[in-house]
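Me: I'd like to go through this one by asking what each label rests on. Can you set the terms against the values as we go?

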Amino acid sequence: MAKIVFTPNIQRHIALPQAEASGRTVRDVLEAVFADHPQARGYVLDDQSALRKHMTIFVDGQIIHDRTRLTDAVSESSTVYVFQALSGG
Amino acid sequence: MSDTLLVSTRKGLFTVARKAKQWEITAVDFLGDNVTIALTDRRDGARYAALDHGHFGVKLHRSTGNGWEEIAVPAYPPKPEGYEEHDMWGRPINWSTTRVWALEAGGADEPGVIWCGTLPGGLFRSNNRGQSWDMIRSLWDHPKRKQWMGGGADLPGIHSIRVDPRNSKRVWIAVSTGGIWFTEDGGASWSLRGEGMRAEYAPPEQTHDPIAQDVHCLAQCRAATQRMWVQHHNGIFVSSNEGESFTEITGVEPSTFGFAVVVHPREPDTAWFVPEIKDEKRIPREGKLVVTRTRNGGKSFEVLTKGLPQSHAYDVVYRHALALDEGGERLAFGSTTGGFWVSEDQGDSWACVTHTLPPVYAVHFA
């Protein structure tokens, strides 16, 4: 099962501990997490279920390419990091 | 009369309350977070606060006395496969709530109904105190909606929602930029209003087009709903027929430019504004912060200064940041530079509560 780690910054709003999930794409594993934490969806994805503009996701150290459909591949041994940009004030 | 104010700021929601001797900050919620607007529903006492968490999106919270809880936030419908929509600069418009810019309670006969205006232009209605939201598709799908444009913000947005106190199915909204829209069937159908408004800065073909009007704020007299006041990018306009047509008010010193307007709940000819130098500078003229008031439908204006800084004041007051209480006696406003003032005599005199708030976005008598 892939490991999913969420940015510490999101924890102030919603508790999202490290999780494990099955799936072949980023979308698959995120949906598995959202099934257990439905409120988290709106913090990571926009209304069209694309990755929020200032969020980013790494799979095994590589930034994903498909921010809209989230089709980047995930393996059983992958680690998926969900991060945000460090902008704003 | 209300003794409590909700002040939405870039760094939290402040409660300002009237004490024995003065108005004071009595509570801070969401400290550090960007609160774009707040509402107290006088029908049931519930409070609502819209937060913009930036990276993590827009959220809504509700308090019913036992602390705040996150509730549903208006969400745009799935964009049809392959459909692309662009703004006038050619940038794609994402169908996603970018900001909650208006929150209003429904009519007295509609307990639990809340209206919500958003960027990029979606209007939403909840029938259950924000537990869920329905987009008003009749407006979003209206072919003319695509002519809305960004004004102060990059995206078009609905900032004013006025529900007819006599008939809750009659609702007016105002868009920056996109004019004034009216429904008399609870949102099933919409028509464009606002003949007579004028956008001097627009191309000649659009100068008088009602959909090209950059309404900054729309106010309506509760006791005389035919009377509407508009603070427009181009100046001040007044209507005596529920916004069907407007007359421009000119020659008001120090300026007719500004963002906010409020109208007395029972005296339709009495309205208040906070003028700025138009429009590329947007600061009080000569560094003197003033409020203007008309009591005769715009024929003349008084410049109210008592208690307001008259030297090197660069306070800008946004469209939701001037408030009038239901009694029509108390006013309050907050500024982009963190000033906050209250008047208990219709603006004749003002008391500064603080000048060190975060930038103020919205002020609301609770």
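Reply: Sure. One term comes up straight away: two strands pair if DSSP finds at least two bridges between them. Keep in mind that this is a predicted model. With that in hand, in strand 3 of chain B the bridge partner of B:A17 is B:E24.

Me: How do you know that strand 2 and strand 3 of chain B pair?

Reply: Strand 2 (residues 12–18) and strand 3 of chain B are joined by six bridges and run antiparallel. The cut-off is at least two bridges, so they count as a pair.

Me: What makes strand 3 and strand 28 of chain B edge strands?

Reply: Start with the sheet: four strands in the order 3-2-1-28 of chain B, open, with antiparallel pairing. Strand 3 (23–29) and strand 28 (360–365) each have a single partner strand, so one side of each has no neighbour in the sheet. Neighbouring strands here are turned against each other by 25 degrees on average, direction ignored.

Me: Which are the edge strands in the sheet 20-21-22-23 of chain B?

Reply: That is another open sheet of four strands with antiparallel pairing. Strand 20 (257–263) and strand 23 (302–304) of chain B pair on one side only, which puts them at the edges. The twist from one strand to the next averages 25 degrees. Inside that order, strand 21 (residues 271–276) and strand 22 (residues 291–294) of chain B are antiparallel over three bridges; against a cut-off of at least two, they therefore pair. The partner of B:W272 in strand 22 of chain B is B:R293.

Me: Why is strand 13 of chain B called mostly covered?

Reply: Six of the six residues in strand 13 (residues 171–176) are buried. A residue gets that label if 20 or more other C-beta atoms lie within 10 Å of its own. B:V171, B:I173 and B:V175 point one way and B:W172, B:A174 and B:S176 the other, and all are buried.

Me: Which strands are joined to strand 13 of chain B by bridges?

Reply: Strand 12 (residues 157–163) of chain B is joined to strand 13 by six bridges, antiparallel, and B:V163 stands opposite B:V171. Strand 14 (residues 179–183) of chain B is joined to strand 13 by five bridges, again antiparallel. B:V175 has B:G179 as its bridge partner in strand 14. A hairpin through two residues links strand 13 to strand 14 of chain B.

Me: Over to chain A. How do you know that the buried residues of helix 1 line one face?

Reply: The buried residues of helix 1 (residues 26–36) of chain A are A:V26, A:V29, A:L30 and A:V33. Looking down the axis, they fall within an arc of 100 degrees, so they line one face of the helix. What covers them includes strand 1 (2–6), strand 2 (19–21), helix 2 (41–44), strand 3 (55–59) and strand 5 (79–84) of chain A.

Me: What makes the radius of gyration of chain A agree with a compact globule?

Reply: For 89 residues, a compact globule would come out near 12 Å, and chain A has 12 Å, so the two agree. The C-alpha atoms fill a box of roughly 35 × 25 × 25 Å along the principal axes. Buried residues are 30% of chain A. Its elements run β-β-α-α-β-β-β from the N terminus.

Me: And how many residues of each chain are in contact with the other?

Reply: 15 residues of chain B contact 14 of chain A. On the chain B side, six are nonpolar, seven polar and two charged.

Notes. Residues are numbered from 1 along each chain as its sequence is written. Chains are lettered from A and ligands numbered from 1 in the order in which they are written. This is a predicted model: local features need pLDDT of at least 70, side-chain atom pairs count only at pLDDT 80 or more; totals for chains, interfaces and linings use all residues. Two residues are in contact if their C-beta atoms, placed from the backbone, lie within 7 Å. Ala, Val, Leu, Ile, Met, Phe, Trp, Tyr, Cys and Pro count as nonpolar, Asp, Glu, Lys and Arg as charged, and the others, Gly among them, as polar. A residue is buried if 20 or more other C-beta atoms lie within 10 Å of its own, exposed if 12 or fewer, and partly exposed in between; C-beta atoms are placed from the backbone. The arc is that of the directions from the helix axis to the C-beta atoms. Axes are lines fitted to C-alpha atoms, for helices over the stretch in contact, and angles run from 0 to 180 degrees between N-to-C directions. The radius of gyration is taken over C-alpha atoms; the globule rule is 2.2 Å times the number of residues to the power 0.38.
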